[in-house]
Amino acid sequence: MMFPIDIADALDRANRDHTIRLKARANLVGLVKALFDHQDRDEPHISDTGRCARELWADLRDLHDIEPDFKTQLTRFDGGHLMGAWEASLLKEFIEAEYPAYTVYCEKELEIDGVVGRTDFIVYHTATAKAVWAVDFKLTWFSKAEEKDNQRLQVSTYAAAAGAPVASIFLIAPSAYGAKPWYLQSDYSVADEMASVERELRRIKAAAFSETMPDGDPQESWRCTTCAFSACDRNRNPRKPEYGAPITEETVVVL
Ligand code: SF4
């Protein structure tokens, strides 16, 4: 099988090719417009995989009330989007130059089991219109490059939506030094992940469309320290405003 390829090697070669960098720059301009085009929504997206059920439920009802710190917004969210878009643009132009039988789409809209999403990067065999590889680009400032379960679940869901047999995460940790790896590529067989993907799609749909506030089910402790839903009694976000007594489940349902 042609894909997955070694992404670090491809980025290295793309970076040394002036023509590829120029084409990647043009692609990036279009991507940035799409990335910063915020749209209100009331349905779950593929990007919601891995989120706490209660936090997702509250978000879709516009109940999040803690604004992110600007440093978090700039470095974690905006920075991640920009870095990923540039990597995707370089890799797209490299693949289309090196493997002319394939076409790459960035931010392509996909749907699986009634849940939609836009994937970072998907490769199709042009003649057969068959998807062959999905990639998610991730950025972390807090540790060595090490993929997370929810990241694997998310990229596998995008790949499954397109019908691609293989998915990869390419993670960069610019702050890692010494013996710590600062980038990591992890490849997955989508068939091996399908049971988890189907279970996760059922979970996020149940949370999103629940008539009452679901229980929180965060898989990682950081979710409660960064959560924007102050009314949850488990919220430990240091930016949480003083709101007196915790809001009860009944109060939130009325809201
Ligand atoms: S505080 Fe924790 S349990 Fe509560 S909604 Fe947020 S992530 Fe979920």
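Student: What makes strand β4, residues 121–125, count as mostly covered?

Tutor: Four of the five residues of β4 are buried, a residue being buried if 20 or more other C-beta atoms, placed from the backbone, lie within 10 Å of its own, exposed if 12 or fewer, and partly exposed in between. The model is a predicted one, in which local features need pLDDT of at least 70 and side-chain atom pairs count only at pLDDT 80 or more, while totals for chains, interfaces and linings use all residues. Residues are numbered from 1 along each chain as its sequence is written.

Student: How do you know that β1, residues 102–105, is paired with β4?

Tutor: Four bridges join β1 to β4, and two strands pair if DSSP finds at least two bridges between them. The two strands run antiparallel, with valine 104 standing opposite valine 123 of β4. The strand names follow DSSP runs numbered from the N terminus (E, at least two residues, for strands; H or I, at least four, for helices).

Student: How many bridges does β4 form with β5, residues 130–139, and in which sense do they pair?

Tutor: β4 and β5 have five bridges, in the antiparallel sense. In this pairing isoleucine 122 is opposite alanine 134 of β5. The hairpin of β4 and β5 has four residues between the strands.

Student: What is notable about the phi of alanine 129 in that hairpin?

Tutor: The phi of alanine 129 is near 60°, a positive value in a residue other than glycine. Alanine 129 belongs to the loop between β4 and β5.

Student: Why is alanine 129 placed in its class, buried or exposed?

Tutor: Alanine 129 has 9 C-beta neighbours inside 10 Å, and therefore counts as exposed.

Student: Where is aspartate 113, and what is the sign of its phi?

Tutor: Aspartate 113 is found in the loop between β2 (108–112) and β3 (115–119). Its phi is positive, about 55°, although aspartate 113 is not a glycine. With 13 C-beta neighbours inside 10 Å, aspartate 113 is classed as partly exposed.

Student: What is the order of the strands in the open sheet?

Tutor: The sheet has five strands in the order β1-β4-β5-β6-β7, and its pairing is mixed. β1 and β7 (183–189) are at the edges because each has a single partner strand, so that one side of each lacks a neighbour in the sheet. On average, neighbouring strands of this sheet are turned by 20° against each other, direction ignored.

Student: How do you know that β6, residues 166–172, is paired with β7?

Tutor: Seven bridges join β6 to β7, and the two run antiparallel. Alanine 167 stands opposite tyrosine 188 of β7.

Student: Which strands does helix α4, residues 70–98, lie across?

Tutor: Helix α4 lies across β1, β4, β5 and β6, and runs at about 145° to β5.

Student: Why are α1 and α4 described by the orientation they have?

Tutor: The axes of α1 and α4 cross at roughly 85° and come within 9 Å; axes are lines fitted to C-alpha atoms, for helices over the stretch in contact, with angles from 0 to 180 degrees between N-to-C directions. The two helices are therefore roughly perpendicular, on a scale where angles under 35 degrees are roughly parallel, over 145 roughly antiparallel, 65 to 115 roughly perpendicular and the rest oblique. Among the residues of this contact are Ile7 and Leu11 of α1, with Leu90 and Phe94 of α4.

Student: Why do α3 (residues 53–60) and α6 (residues 190–208) have the orientation they are given?

Tutor: Their axes come within 8 Å and cross at roughly 50°, and α3 and α6 are therefore oblique to each other. The contact involves Ala53, Leu56, Trp57 and Leu60 of α3 together with Arg203, Ile204, Ala207 and Ala208 of α6.

Student: Where is tryptophan 141, and what does it contact beyond its neighbours within four places in sequence?

Tutor: Tryptophan 141 is in the loop between β5 and α5 (149–162). Tryptophan 141 is in contact with Thr75, Arg76, Pro174 and Ser175, contact requiring C-beta atoms, placed from the backbone, within 7 Å. Tryptophan 141 counts as partly exposed because it has 14 C-beta neighbours inside 10 Å.

Student: What is the form of the peptide bond from phenylalanine 3 to proline 4?

Tutor: That bond is cis, with omega near 10°. Proline 4 lies in the segment before α1 (7–15).

Methods:
Two residues are in contact if their C-beta atoms, placed from the backbone, lie within 7 Å.
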